[in-house]
Amino acid sequence: MMGKIIVAGIGSGCKEDITPAVLEAVQKADAIVGYKYYFQFVEPFAKEGCECIDTGMKKERERAEQAFLLAEQGKDVVVISSGDAGIYGMTPLIYEMKYARQSDIEIVSLPGISAFQKAAALLGAPIGHDLCTISLSDLMTPWEVIERRIKAAAQGDFVTSIYNPKSHGRYWQLYRLQEIFLQERSAETPVGYVRQAGREEQEVKVTTLGAFNPEDVDMFTVILIGNSQSYVVNGKMITPRGYYRSEEQEAGVGKKGQQIMMESFRTIEGELKRKDYPLDHKWALLHAIHTTADFEMENLLHTDLDAVSLLYHKVKTGELKTIITDVTMVTSGIRKGALQRLGIEAKCYLSDVRAAEFSTAHNITRTQAGIRLAVDEHPDALFAFGNAPTALMELCDLIRKGKAHPAGIIAAPVGFVHVKESKHMVKPFKDIPKIIIEGRKGGSNLAATLCNAILTFDDAEQLKPGRDL
């Protein structure tokens, strides 16, 4: 009478993760065949007299052949694999060998908790949406094929789990994978990795695609790369399935505009020439392109280091309470919901009767006069320019005279006369956070949307614009 072969996934390496079905199979087995390292996890459950046959690494065919020989002797054999035996494990080999041998031996496959599932549970909820797994081992798969799969995963925005990321002889492949993903994904994409999941040596790390260091991992590590919607909260990776969005839509909450804006931002992000912009700069850039549909903004937008985050911090701490604009169209474009939520006042002095009088008396433009009035009353405001280069030049003059101390400057005047010069004039003020649209381009809509980028910077990491629409 023939025995049977049960191919069992024993999980990641702790007894709590071995399924009851696998435990029962191990307890009843006449023989257990597997890689010697994994016997420590199942031997305590084997019955007395069970034959345990362990082999070294890269002896998969020998283990399979041994299992068939024992089963042909009438024994019930359990072949063990770590994780799930059907994922980079022994199950495919056993089935292939069955048909190659034209064997009548019964094969039973018992699933286990795969390494990527265990890693995901430790990291939070990173695999809440479409997922693919890729092994970087090129022992049996040509690297050209692996690289095509990496590119497809990156372009397809799949959450991606990486098996066999590195060994002593394979050190460069993981660097290449990171390079490919950075061509398609933001450098801020969350990346989590777990070493020796479920074992005493377990290590859990969360970082970003740009900051990830391939030298930190080895063959005992599983890596999970998030998709464009993945984010990190309190050290936990989350890839949303969309339930909250669905609830908002079903409830009739006025968020349709926000959903369109979020989708637009994802589209823009996917079409950016560079994928490694710092989050601070990228948030302003996405707003600028969304407002103008002009991808030349990648070349034209200048932000001082951490300008957006520094200005947002001033808003949150109450240090920045006022935004001054050169024309009323900029003020109109700043979201009223954000201003109210954060307790910020946006003002334009262009229509102030004093500006008209001052302009006539001193033979300057009304926008210049408005800036002088604004500096008298709010010298430490955020100043946003979308129309008048003379107003920006006036502010620069007042800064040099020590009369103005802006919290920040948005320099986006548009036109042909003095426009470029006004933007050059503002750059020497190194201690003032600045956002500048270089060249002739700009406009009230750009100045306003850059203000909105500052006021909503806490939504940048999750790429969720438009909450105040």
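What percentage of the 469 residues of the chain count as buried? I looked this up in a predicted model, and the figure is 51%.

**Entry: whole chain**

I went through the secondary structure and found 19 helices and 19 strands. I then took the radius of gyration, which is 31 Å, well over the 23 Å that the globule rule gives for 469 residues, so the chain is more spread out than a compact globule. I also noted the span of the C-alpha trace along its principal axes, about 110 × 45 × 35 Å. For the surface I have about 22000 Å² exposed, with 51% of that area supplied by carbon and sulfur atoms. I looked at contacts between residues at least 6 apart in sequence, and 69% of these join residues at least 24 apart.

**Entry: α9 and α10**

I checked helix α9 (residues 256-271) against helix α10 (residues 279-292); their axes come within 10 Å and cross at roughly 105°. That angle falls within 65 to 115 degrees, which means α9 is roughly perpendicular to α10. I listed the residues that meet: from α9, Met261, Ser264, Phe265, Ile268 and Glu269; from α10, Lys282, Trp283, Leu286, His287, Ile289 and His290. I sorted the residues of this contact into six nonpolar, three polar and two charged.

**Entry: glutamate 394**

I located glutamate 394 in helix α17 (residues 389-400). Is glutamate 394 buried or exposed? Its relative accessibility is 5%, so I enter glutamate 394 as buried, the cut-off being under 20%. I left aside its neighbours within four places in sequence and found glutamate 394 in contact with Gln368, Ile371 and Arg372.

Note on methods. Residues are numbered from 1 along each chain as its sequence is written. This is a predicted model: local features need pLDDT of at least 70, side-chain atom pairs count only at pLDDT 80 or more; totals for chains, interfaces and linings use all residues. Side-chain values use heavy atoms; hydrogens and water are left out. Axes are lines fitted to C-alpha atoms, for helices over the stretch in contact, and angles run from 0 to 180 degrees between N-to-C directions. Helices (H or I, at least four residues) and strands (E, at least two) are DSSP runs, numbered from the N terminus. Angles under 35 degrees count as roughly parallel, over 145 as roughly antiparallel, 65 to 115 as roughly perpendicular and the rest as oblique. Contact means heavy atoms within 4.5 Å. Ala, Val, Leu, Ile, Met, Phe, Trp, Tyr, Cys and Pro count as nonpolar, Asp, Glu, Lys and Arg as charged, and the others, Gly among them, as polar. Buried means under 20% relative accessible area, exposed over 50%, partly exposed in between (1.4 Å probe, protein chains only). The radius of gyration is taken over C-alpha atoms; the globule rule is 2.2 Å times the number of residues to the power 0.38. Accessible areas come from the Shrake-Rupley method with a 1.4 Å probe; for residues, only the protein chains shown count as cover.
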